[in-house]
Amino acid sequence: MINQINYMKKLLFIAMLFVLGNAAFAQVTLTGKITDGIKGTPLVGANVFIKATGARAVANADGVFSITAKPGDVLIVTNVGHKEFSITLGNEQTLDIQMEPSLVEIGQVVVLGSRRTGRVKSETAVPVDVVNISTASLPTARTDIGAILNYSAPSFNYNKQSGSDGADHVDLASLRGLGPDQTLVLLNGKRRHQTAFVAVFGTRGRGNSGTDFGAIPAAAIDRIEILRDGASAQYGSDAIAGVINLILKKDTKKLTGNIGYSGYMDGKYNTWEARLKNEYPYHGRLDGNAVNVGLNYGLPIGKNGGFINLSGQLISNGKTFRQALNNNLEDEDGLPVNPYRRANGDASLNNTGVFMNMEIPGAKHKNNIFYAFGGYNFKKSDAYAFTRSLESRPERFPDDANGNMILVPGIMRQVAGGDVVYDPHIQTHIGDLSFATGFKGETENKFSWDFSNTVGNNDFHYYGDKTFNAGLGSTQTHFDDGGFNFFQNTTNANFGKEFSNVASGFNLAFGAEYRFERYQIYKGEAASYQNYNPDKATGAQGFPGFQAVDEIDANRNVVGAYIDAEIDLTKDFLVDAAVRIENYSDFGFTSNYKLAARYKITPKLNVRGSVSTGFRAPSLAQINFSNTFTNVQGGVVSESKIAPNKSAIAKAAGIDELSQEKSVNGSLGFTYKPISELTFTVDGYYVQVKDRVVLSGYFSAEDASLDPTFTNTLKQLNVSNAQFFANAVNTTNKGIDVVVEYNKALRKKQYIKALFTGNFQDMTIDKVNVPEKLNTTDELRATFLSEREKYFILASAPNTKFSFNLEYGINKFAIGTRLTYFGKVTLLGYGDFSTPFFPVVPTDADETVTVKDQYDYNGKLVTDIYTSYKLSKNFSLFAGVDNLFNIHPDLSFAPGAKGWAFNNEPAGPFDAVQMGGNGLRIFTRIAFTF
């Protein structure tokens, strides 16, 4: 009996050992280190997950991870800029992984669209593009971020402005045909402040503000994520069209940089070609000459993976000079001499900036990190204003004591035909400062937290140069015109926790935000705006300075909170829901919601979609902007006033106080990856926006149907008309985004890359929200939002835009081409003012016959070519041509009415549409790494 008991004990002991051994065999803690396969550097933030269970981990500052797994599990590692790594696990408990750098420019892992770490972009519930700026910026002459993204992302739209006051000096861009301020911009996931500038004249995005991408050195940016979906419930105000997140570099012990040159060689419209006619200013056969330098270097801090990464940029762009040089009106593209803006083209620009990005892990707790990033950028720009003509407006020229015009050499000149003219310069000094600090970490039970504070300030200062206040005489030719300033401070607290044991994985995130904003307008010197002689024009010509009555110091604060839950109901079915509430000190309470889902039909095919509401509070600039500026309508030069929304003059005109913009967004699409090298994504979208804030039309001081208080005030200010910001219109955008990507590594160090991005969209104006006081006559209704203004809104993006980039590389050499198609755009001129309903102009053949003053810019295809050669381990050479065939938009004039060809805001045949009017551009660039 005793022997039997001992035997049973032995069996039980052996069974227990077997069970425990099997349990240990079934579940082990796997640790490892992830490094770059070429550089050997740790890949901080690389994402690790088990395919079967969905368990996840993130590599720390040393590239080390820890995760629970069992033999037979498939472990997958992803990291932006590297090929996906996968392995079927055996009995190993440690694993060192070297990841191979990827040729892919649109990365695989994203931060936007999901608050869960490690979400592969093809598996998100909403479309997200990832553009590698270091790769995208080298094989092109384009140095500004907006222009680079314009040729890289499907529904991103950007046009370089010319002849449009402040818009010449700051680059605004948009998503899905909406306004620049309807896209939220983040930097390292933190809200980026907007520019103090608001577009009011001669520009797309009129009435909008936005973020100046040119204030961040391209050398500092690792990649840019573009969330093409409404995201107000997730990220807050301004995210009606989507979110753009600029992610800074973290590299250490590596100096990278590039030095480049580019210039335009336009033999068709460059005024150098007509220099002997003495009509227009010019520079040379090659103009718009640009030199750019970008540097980046990182230093390690401490022994726990800390770093500080430093970047700098220097960009110097020369002016361009463009006119229609064929003056034979019998030819198809022949136009008269342009007397209104003789100096037409892009402004010059000097742009200098420095930036830093830093993280310092704790000495004992490496997952607890102090971080900081920010920098300073200064831009100095010079643009031409409308030409002043002695024959047509002598009151804009200084006189001597005898009443004779004073000729000032170097500023005034005599043109063909004997007229004396001068071209005032509008100069800007733009300073942009930002700095963010914060602490983030994770508790022992994997509860993440992040506390941060972000400060941003943008100062936009105008100067007038080579111009006159005619009443003062000719001695002063440079004026301080004043400007505006925008300050923003944002404090955030974010928390998150992933529960791997809930369904197939559940992530909960929540947080709060406090934001303070201040907007100021400060006046210029008295000589920039005062009248010193009642027989002479008021203020400095070109850009009259801000006056004491324009000055404003306005502020507001915003408090918000959100909750975001993402759950994998099964391994194939993902659902994400978000709710956000915010309270504005000047607008009150708002709440917004989002529901998104993704379902894996097969391992290669995902279907995704979302519905959401959105909002955008009018910016402080839109509420408080005030300025008097020179306008040209139908060849008539006049002074116009933009009055603050809450001013007495706006109330007298019948303009309602601004309210929030509200939106409803929907999207539905799919991702398909038939083979590892090929990916398709197609996403349809629907965006309905109510109460969009835009600029109204011009209300005349001579209109007897308006309130006399309003018209008398205009006359006292010596201005002819006024316009206002208003919640003027409801719109609906519908479209489809398509991205097809192919990347294949071939034998013998060869590769081929192909990327197609396309956007097909349509916008409609559903309703014009006419204030009651202005809804009394057809004429007033047409003035409040004219047909011309409607066309500007509808022309914020081409109806079609697609780009195809093909590149082949072998050994040290690569060659590529980029084909970009810009679809049709239609705009209207001012007309001859004979009807307020639709602008018309007299024909050249018979002035009694009129035609619509409509400009149709037909679709155009732009071809870029480039090559690169790796000179050595440290140096690579890039060279090529953007716009190889010197393609331009169609000239802007109504058919049969060439005499009215300059009846538009840039006062010339080149409007800021499609690819712009500068033509062919050559470039060369040296890139280096040490």
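**View 1. The lining of the largest cavity mixes nonpolar, polar and charged residues.** In this predicted model, the lining divides into 17 nonpolar, 21 polar and 10 charged residues. Together, 48 residues line the largest cavity. If you would like a place to start looking, Lys160, Tyr264, Asp346, Asn918 and Arg921 are the lining residues nearest its centre. Helix 3 (145-150), strand 19 and strand 20 each contribute at least two residues to this lining. The space inside the largest cavity comes to about 830 Å³. Searching the whole structure turns up 18 cavities of 30 Å³ or more.

**View 2. Aspartate 737 and arginine 176 meet in a salt bridge.** Here the N to O distance between the two side chains is 3.2 Å. Follow the chain from one partner to the other and you will see that the pair links distant parts, 561 residues apart. Aspartate 737 sits in strand 39 (residues 725-746), while arginine 176 belongs to the loop between strand 12 (173-175) and strand 13 (183-187). Aspartate 737 and arginine 176 are both buried.

**View 3. A salt bridge joins aspartate 238 to arginine 191.** The N to O distance in this pair is 3.2 Å. Its partners come from distant parts of the chain, 47 residues apart: look for aspartate 238 in the loop between helix 4 (232-235) and strand 16 (242-248), and for arginine 191 in strand 14 (residues 190-191). Are these two side chains' residues buried or exposed? Aspartate 238 has a relative accessibility of 10%, so this residue counts as buried. Arginine 191 is buried too, because its relative accessible area is 6%, and the cut-off for buried is under 20%.

**View 4. Arginine 342 pairs with glutamate 279 in a salt bridge.** The closest N and O atoms of this pair are 2.7 Å apart. Arginine 342 lies in the loop between strand 19 (306-317) and strand 20 (348-361), and glutamate 279 lies in the loop between strand 17 (255-264) and strand 18 (287-301), so the salt bridge ties together parts that are 63 residues apart in sequence. Arginine 342 is buried, as is glutamate 279.

**View 5. Several charged side chains are linked in a network of salt bridges.** Which residues take part in this network? They are Glu513, Arg515, Glu517, Arg556, Arg580, Glu582 and Asp586. For the wider picture, the salt bridge count comes to 43.

Methods
Residues numbered from 1 in each chain as written. Predicted model: local features only at pLDDT ≥ 70, side-chain atom pairs only at ≥ 80, totals over all residues. Heavy atoms only, no water. Salt bridge = Lys/Arg side-chain N within 4 Å of Asp/Glu carboxyl O. Helix = DSSP H or I, 4+ residues; strand = E, 2+ residues; numbered from the N terminus. Buried < 20%, exposed > 50% of the residue type's maximum accessible area, 1.4 Å probe, protein only. 1 Å grid on protein atoms, 1.4 Å probe; cavity = no way out; pocket = protein on both sides within 12 Å on 5 of 7 lines; lining within 4 Å. Points joined across faces, edges and corners; volume = space filled by probe spheres on them. Nonpolar A, V, L, I, M, F, W, Y, C, P; charged D, E, K, R; others polar.
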